[in-house]
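Reader: I would like to go through helix packing in this model. Where should we begin?

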Amino acid sequence: MAPSPPPTLTTTAALPGPPAPGLPARPWAAVLAVAAATFCVVTTEMLPVGLLTSLATGLHISPGTTGLAVTLPGLVAAASAPLLPVVVRRADRRTVLGGLLLLLAAANLLCALAPHIAVLLAARALVGVCIGGVWAVAAGLAVRLVPPAAAGRATAVIFSGVAVASVLGVPAGTFLGAVAGWRWAFAAPAVLALAAAGALLLALPPLAAERPLRLAAFPRLLRVPRLRRGLPAVALLITGHFAAYTYVRPVLERALGADACPIGILLLGYGAAGVVGTFAGGALAARHPRRTLPSICAALAVVVAVLALASGSLAGSVPLLVLWGLVYGGVSVSAQTWLSTAAPHAPEAVSALFAGVFNTAIALGAFLGGRVADGPGPTAVLWLAAGLAGVAAPMVVGAGRAGGAGCAGDLGCAGAPGCAGGSGCAGGAGCARGPGRAGAPGLRRVPGVRRGRPPACGDRPLGAP
């Protein structure tokens, strides 16, 4: 996600708190405008996947070098996702999103005009800024746009921009690149980004920052056990997926030959299955948040491994590619659901951190995939992806057992109902270690807690389950 990289249903709807006063007059139009923004950034981020061969030929570079067009925006998005909310601390989020979409349009136009790989990569770096910024702001906006009861469904719609980009954006870009050339394939998303910027400015209400975010918030957030252990697992899963997906075209060409049109149709089937997977995975994550993500990791490992075995067969590759899309479609929304429960009072900080990790993994996956594709070959990339997803599954299970739903220092929990704010403990059952004493306002006395020492993570705030 994004970058592009850069990453909830009923569970999330209740976590960040009540929506901001003054919902938009047409809340679902606002949600669809944000979904259009995520569609644009993901389409732009992944467009080189469908243009890999034509880009390499047109710029006279190897497919592995062409993969840098995916790697670089992922790296930039990983840095911009946590930094941009800090830079625009108090800015209206509507203005921020609209500005990022205008920048995305300019970057796409520069890609279309690029005479050399260096110019293309400079434009793709700007794309990375847009990816990280859009995901850091957009992922947690649903609760501010619709009533609480509809926030889960609205979040799924926003995240569906990822899958719809796979259904429409990347296949359409692949087809346009085959018919009119890769430069026109980059020019088209520039027009879409302009349209999305207009929709955001028209449909969204003013959205002031709920809480100014500081860089110090992120180290404190990483003290939450589920985040500290879960984010590396999610990173492995995403790295494996994008190592394989970035170079899926050479795998398909092995089964189909060099015909670009059937490859575009196959990517369309992959994306359509991803839309179904997004809503199905989100619904499962809402009911079974601890089991859904590890199940997806294991299923992805199996599907990609079997695809590696069947990569020379058209009859075997087509259904497996569709199944891959179905399974991966649930990754973003289920991971966001799972991670959000660890720090419910810091939704934008969690989204920014998730987007940063997600896009770092995209960049790493594209880089590793390129090295393997230029060496052992595309089939070996599939085995790499299957192995990383297989390792991620037990790591997610272990992170889930670690628990850690609570405050992370000053990430917005300070002053929240039932929490004694401060800058210490992250994790535990809703406790943030502060300068007070056991039994201070907002803390319930528990057996074994002596008066005169700071509260520990085991001290339960008033109203905690």
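Author: Begin with a contact: in H12, Val234, Leu237 and His241 meet Leu293, Cys297 and Leu300 of H15. Contact means heavy atoms within 4.5 Å. The model is predicted, so local features need pLDDT of at least 70 and side-chain atom pairs pLDDT 80 or more, while totals for chains, interfaces and linings use all residues. Residues are numbered from 1 along each chain as its sequence is written, and side-chain values use heavy atoms, without hydrogens and water.

Reader: Which classes of residue make up the contact of H12 with H15?

Author: There are five nonpolar residues, one polar and no charged. Nonpolar covers Ala, Val, Leu, Ile, Met, Phe, Trp, Tyr, Cys and Pro; charged covers Asp, Glu, Lys and Arg; the others, Gly among them, are polar.

Reader: How is the geometry of such a pair read?

Author: Two packed helices are described by the angle between their axes and the distance between the axes. Helix H12 (residues 225-245) and helix H15 (residues 289-309) pack at about 30°, with axes 11 Å apart. H12 is therefore roughly parallel to H15; angles under 35 degrees count as roughly parallel, over 145 as roughly antiparallel, 65 to 115 as roughly perpendicular and the rest as oblique. Axes are lines fitted to C-alpha atoms, for helices over the stretch in contact, and angles run from 0 to 180 degrees between N-to-C directions.

Reader: At what angle do H9 and H10 cross?

Author: The axes of H9 (residues 151-180) and H10 (residues 182-203) cross at roughly 140° and come within 7 Å. H9 and H10 are therefore oblique to each other. Gly173, Leu176, Gly177 and Ala180 of H9 make the contact with Trp182, Trp184, Ala185 and Ala188 of H10.

Reader: How many helices and strands are there?

Author: The protein has 19 helices and zero strands, taken as DSSP runs numbered from the N terminus (helices H or I, at least four residues; strands E, at least two).
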